[in-house]
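Please open the structure in your viewer and keep the selection panel at hand. The tour moves from the whole chain to a metal site and then to a single helix.

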Amino acid sequence: MIGCYSGKTWTPFLNLLEKLISPSGRDLADHTISQRKKGLSFLCHFLAGIGNKKISSLKKDIALFLNHSGTSDNSIDALANMQVSSTSRENRREKNIISAIHRENVAKDLKTYQNTAIIANIDDYHNIHGLRIPKTTSTSSVAHMTTVLAIPLPAVHAIPKNIGQNIDGKEGCVHNPLIVDCESLISQIESRYMGLLSKSFNDRFAKKFAPFDNDLLDNLTVHCYDADIREKQKERQLCDTFLIDLINLNLHSTEEYIKAMQTFASFPEFEEYLRLNVIPLVADWPGQIHPRKAITIQQQSSRKNMHAGKIPEFVSSFIPIMGPLHVSLNSRETVVLLFHSFFNSAYKHVFGTNKTLANKPRPWRINLLLQLMSDGWKTVAPHITDKLEASCSRDVEYLTLKALLDDTIPLVLNFYATIFRSGDWEAYIEACVRVWCLFARFKRKNYNKAPLVFLSDVWYWESIDHPILKVLKDHLVVFNDYPVENFHSLIRRQTQETDTSKQLSNTAHVINYLRHDNVFRRAFVTTKRYPYSKQDLTGLTNKASIFLLELFSEVKNNVGKSKWAKINQRGKRRHSCHLASLQMDVDERHLPMAFSSEYPPFDPSEKCHLQDSCKLLQPILDNSNFQVLMKSISLPCGHVYHQCCLQSLEYKCFHCLKYIQSEVTNNVKSITSRITDQDFGTEIEEEEVETVDNDEPDELSEQTAFNLEAANQLKRTLEKFMKI
Ligand SMILES: [Zn+2]
Ligand SMILES: [Zn+2]
């Protein structure tokens, strides 16, 4: 039976046509047949529908679609004369009508969900489409807008703000009166996660989430928000999400965030909901810090029975939650920028020596490089560790590369794409601890605090048994900052750079209105593809493996040559190290955690970093296991301990624990003073990863030949490597 526009009386006629488009003896793909059927059905309706009212809704859809794709009014009117679409004037009128009833529609939606848990996304939107972000001089014409989205969880009851006494006599508010609880952070990390950190990310998770690469293309497109990319279409559809509003607002200060939250509170129908319940606000860093500041000051003054001043009560109906997508985006970018010269060498090796990696590569290339290195490493890691562990395990360069390839890269690749999206709560919390350790070591501002604030809240809710924790655990994947990015990509595609804020709002309203049914789009718009196929990636991954084998051969030749030097930088004494094979100057941010601790493992001859407390310095009891117990074990952090010393520490690295404690303390101190600071002045938070360089996909040489050659080359390189 032909497509979606057929009625009963048509059946015999359409069946006849159906035979015509798929005559027997010709094998057509199902997809082609269904596409032809849809086309035929449309044509029949157009033939019958000239001047017919029933067809006009389809014509409206077509006009809206053309308009959204940037087609000029002239062209739309030409098509309208051909009876294919409605006119541009009708289209404008249609858009205005939709926009005018937007508020009514939202009020209806909010009413539908008045007993349902709702999550919010708040993010800023600017109408610059190209790659270049202009500097301050030319920004006057740029419309600064704010998007507020509501994401209902239809099966989940609204999350209460306060809980009364439960069976254990616990009661409390969703907001921790201690704001960020340093003590609980330290004790939880020490007792639950410190031991786990004695294993690298791959040792912990590679098997559990194996094979990561089932969703390879999907993982690679994780930061491409284009709704038409085929690899990720399901997630990209907005489903239950709806737009509260797109308003003309610049999200640069706490007050502006309060205005954004006000969009919810401005619906009288929703007052009761906000009085009793809390809306998790999943956002990027500024979207966490500003609302939290407003909430904290409001809560403190209400506790003291003071007038909260200019802060309205509704702010406490929101609880900021760290957006995992932004953590992923920022961690990936930080790693590639910090190790730029490593990735540049890899890039040249894989794609050709005449290539140079852009100073600020675009997210899709960052993903590709990280993925190639991660997969390349998996192939050769057993050979490399077998061959080099004995002779190189105390070499700074070897330690640095191993930590990068076996821990850092897989962590940033899988934090959001695999672990968060799997919904595995325990794994996600561990990944949050790990990613915080990384940001702390990198001294990455703001993100060395965001995971701490989130973890502190989680452990607070656990201690008072707040129901929000169960919702988080059971529906982790919905606590995502992805919907707003997707929505922005839809707006960007359907507007011009010159659009006014009013036009942008109108378009957003129309997208929201049509979110379930632009029939024309659903039936006919083809999807884009990621520039490389799985096939392409096989050859590229083999090239990455070859790069790593050759690099590690050099590392072996250069053992002991990577030396430390004390340098004076802006009056501060710091350490710097020149890595001999990579020819790259690095500091403690690049090196494993041990080098950031109070006891960096500079002396490779030391057998145990427990120093005076080493168990072997104490009288040894008669123990048949002596040989095993005195074996030196290298941890991924770069410290070494005797097996027996490590056991006595419960596998918690003594020096790194001290480092982590001091990092938690300092970061919590700094974040608390920022949150409680009464000054509301404009505080610009740098957040967005901006891409400037022209960075288009590389042409690959002829596929089969390329893959075959790469495979042979890898075989030869591996044979050579095994002989070193
Ligand atoms: Zn020892
Ligand atoms: Zn350590």
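Begin with the zinc ion (ligand 2) and show the residues whose donors are spaced C-x1-H-x13-C-x2-C in sequence, bearing in mind that this is a predicted model. Selecting these residues brings up Cys637, Cys653 and Cys656, each coordinating through SG, together with His639, which coordinates through ND1, and the distances run from 2.1 to 2.3 Å. The angles among the four donor atoms are 94 to 115 degrees, and the site is tetrahedral. For comparison, the ideal angle for four tetrahedral donors is 109.5 degrees.

Stay at this site and add the surface: are Cys637 and His639 buried or exposed? Cys637 counts as buried because its relative accessible area, 12%, is under 20%, and His639 is likewise buried, with a relative accessibility of 0%.

Next, select the whole protein chain, in which 28 helices and 12 strands can be displayed as a cartoon. Of its 724 residues, 54% are buried, while its accessible surface comes to about 33300 Å², with 51% of that belonging to carbon and sulfur atoms. If you draw contacts between residues at least 6 apart in sequence, 78% of them join residues at least 24 apart.

Finally, select residues 254-265, which form helix α11; its 12 residues reach 16 Å from the first C-alpha to the last, close to the 16 Å expected at 1.5 Å a residue. Colour its buried residues, and you will highlight Thr254, Glu256, Tyr257, Ile258, Ala260, Met261, Thr263 and Phe264.

Note on methods. Residues numbered from 1 in each chain as written. Chains lettered and ligands numbered in written order. Predicted model: local features only at pLDDT ≥ 70, side-chain atom pairs only at ≥ 80, totals over all residues. Heavy atoms only, no water. Donors = N, O, S within 2.8 Å, 3.2 Å for Na, K, Ca; no water. Tetrahedral: all angles 85-135°; square planar, octahedral: opposite > 155°, others 65-115°. Buried < 20%, exposed > 50% of the residue type's maximum accessible area, 1.4 Å probe, protein only. Helix = DSSP H or I, 4+ residues; strand = E, 2+ residues; numbered from the N terminus. Expected span 1.5 Å × (residues − 1). Contact = heavy atoms within 4.5 Å. Areas by Shrake-Rupley, 256 points an atom, 1.4 Å probe, with all protein chains shown as cover.
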